[in-house]
Amino acid sequence: MVPESPFGPMGSPEELTAFDALQPRLASVMAAGHRDGSWAHTSVVVPSLSVDQHELAKVEGASFYEERLLFTLIRLAHPEARMVYVTSQAIHSETLEYYLQHVPGVPIGRARSRLLMLSLGDASPKPLAEKILARPRLIRRIRDWVGPTDCAYLTVYNSTALERRLAVELGVPLNSVDPKLLWIGSKTGSRRVFEEAGVALAPGEEGLHTQEEVASAVDRILVADPGLRRVVVKLNDSFAGEGNGVLHVPTDLPGSGTRRKAMIGRALRKLQWPGEGGTSDVFFSKLKEMGGIAEAWIEAAEVQSPSVQMRILPDRSVEVISTHDQVLGGATGQVYLGCRFPASAEYSRPILDDARKIAEVLRNYGVVGRFGIDFLTTREPGSYWKSHAIEINLRMGGTTPPYMALEFLTGGRFDAEEGVYRAQDG
């Protein structure tokens with residue numbers, strides 16, 4: 001619950017007006033930082049995982065995810081940079097010291113003097129941003145540390161209405177996508193963007209909210225491809241593959257009639273889940289709440305799951321950050337376990353071409369910030385790789401923290417054309 005505020009309740013016209021007034025400042029803040037590395041500024045880092053907490057609970061080690069943005073401490077290498085880093089629970093002193101010792105050219109004591117670490121001592125299963133908004137005195141303390149807000153910005157893991165409100169309360173621009181565009185990062189929104197960009201995507205349907213709608217969509221998918229053996233049903237706002245259920249098509253499914261529909265309905269009550277704890281009742285309850293999609297399960301002799309990470313800057317320029325091949329596991333082979341960096345050169349160029357088309361659409365919608373685009377690439381013996389766009393993650397991803405640490409520590413960059421990472425010496 002957000003206490004009384006001059007900006008009214010969450011999502012009020014006053015809040016939205018204040019946010020729209022703040023955001024243009026981000027471009028000048030970023031431009032000044034690029035022009036002058038010694039420019040005095042303050043970054044407020046709030047690594048809030050503002051996602052469905054039921055889905056987050058399925059991810060092992062999620063309680064430590066707020067530490068993933070500790071790579072941002074490398075910003076303290078700039079002598080005039082200051083930082084506020086807020087967490088739900090205190091970070092162990094040895095962990096913090098480990099990161100600070102890697103700040104290049106700066107003794108730990110000097111870096112520490114420009115860093116304010118704040119812990120709420122609150123392990124409750126709520127997004128960190130929500131916890132901060134419920135503590136007006138904490139917000140005042142952050143504002144006092146920040147000082148002039150024209151030289152500050154807010155960094156978050158992902159952006160929602162909570163992070164928008166926090167930016168307004170702090171009086172600093174949000175270095176992330178405007179929450180009004182979050183529909184783009186849903187499974188339904190991703191499919192619509194892919195169609196607009198003219199890139200290949202898995203056959204399927206989006207905008208589904210009930211079991212009956214899913215059953216009808218599955219029926220149409222199977223009519224279009226009678227040989228299909230699996231269909232995947234996904235919640236709009238799930239992540240790491242945990243909100244996906246796999247339908248195994250009955251082998252004796254008739255070509256039409258009420259029996260066919262009944263068999264599809266029964267199959268939907270027996271979806272296969274990536275991990276333990278999934279049930280059809282919970283899934284379809286979540287589907288009614290957030291919507292979802294149904295897609296054909298693409299099968300081939302060789303299947304890979306590469307991803308492209310990109311960023312749209314406040315000046316509307318587009319950067320390719322990296323590529324990687326996802327390592328997937330779980331019972332259905334859809335749970336993100338890690339990755340190999342960079343993605344294989346055999347198919348990196350085609351997915352980069354598609355990613356740039358998708359980024360152009362996102363830019364036209366006004367997206368600013370980091371995002372990742374997941375693909376599925378397949379190949380039959382003696383043929384070329386084919387790619388299908390799967391989803392857009394309109395936030396930092398699991399590879400962002402280690403990749404950014406690599407970039408800050410080495411001063412190197414990813415060469416998108418050659419598909420390799422080069423240090424400063426080439």
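Me: Two strands count as paired if DSSP finds at least two bridges between them. With that in mind, how many bridges join strand β1 to β4, and do they run parallel or antiparallel?

Reply: Please note that this model is predicted. In general, the strands of a sheet pair through backbone hydrogen bonds, in either a parallel or an antiparallel sense. Here β1 (residues 41-46) and β4 run parallel and are joined by five bridges. One pair to locate is valine 46, whose bridge partner in β4 is valine 156.

Me: Which way do the residues of β4 point?

Reply: The general idea is that side chains in a regular strand alternate between the two faces of the sheet. In β4, Ala152, Leu154 and Val156 point one way, while Tyr153 and Thr155 point the other way, and all are buried. Because five of the five residues of β4 (residues 152-156) are buried, the strand is largely enclosed by the rest of the structure.

Me: In what order do the strands of the open sheet stand, and which are the edge strands?

Reply: The sheet has four strands in the order β5-β8-β6-β7, with antiparallel pairing. Its edge strands are β5 (204-208) and β7 (244-248), each of which pairs on one side only. On average, neighbouring strands of this sheet are turned by 15° against each other, direction ignored. Within it, β6 (residues 230-235) and β8 (residues 292-296) pair over five bridges in the antiparallel sense, and valine 233 stands opposite alanine 294 in β8.

Me: Which strands does α10 lie across, and at what angle does α10 pack with α11?

Reply: Helix α10 lies across β5, β6, β7 and β8, and runs at about 165° to β5. The helices α10 (residues 211-224) and α11 (residues 258-268) pack at about 115°, their axes being 10 Å apart. The crossing of α10 past α11 is right-handed. From α10, the contact involves Gln211, Val214, Ala215, Val218, Asp219, Leu222 and Val223; from α11, it involves Arg260, Ile264, Gly265 and Leu268. By class, these residues divide into seven nonpolar, two polar and two charged.

Me: Why do the buried residues of α14 line one face of the helix?

Reply: An α-helix has 3.6 residues a turn, so residues three or four places apart point the same way. In α14 (residues 400-410), the buried residues are Thr400, Pro401, Tyr403, Met404 and Glu407. Viewed down the helix axis, they fall within an arc of 165°, so they line one face of α14. Their cover includes β11 (318-329), β13 (369-379), β15 (413-415) and β16 (420-422). After α14 comes glycine 411, with a positive phi near 70°.

Me: Is threonine 377 buried or exposed, and with what is it in contact?

Reply: Threonine 377, in strand β13, has 0% relative accessibility and therefore counts as buried. Leaving aside neighbours within four places in sequence, its contacts are Glu302, Val303, Gln304, Pro306, Tyr347, Ile351, Trp385, Lys386 and Ser387.

Me: Where are arginine 316 and proline 342 found, and what are the phi of the former and the omega of the peptide bond to the latter?

Reply: Arginine 316 lies in the loop between β10 (306-312) and β11, and has a positive phi of about 80° although it is not a glycine. Its relative accessibility is 42%, so arginine 316 counts as partly exposed. Proline 342 lies in the loop between β12 (335-340) and α13 (348-365). The peptide bond from phenylalanine 341 to proline 342 is cis, with omega near -5°.

Notes
Residues numbered from 1 in each chain as written. Heavy atoms only, no water. Buried < 20%, exposed > 50% of the residue type's maximum accessible area, 1.4 Å probe, protein only. Helix = DSSP H or I, 4+ residues; strand = E, 2+ residues; numbered from the N terminus. Arc of directions from axis to C-beta. Contact = heavy atoms within 4.5 Å. Axes fitted to C-alpha atoms, helices over the stretch in contact; angles between N-to-C directions. Left-handed = near helix turned anticlockwise from the far one by under 90°. Nonpolar A, V, L, I, M, F, W, Y, C, P; charged D, E, K, R; others polar.
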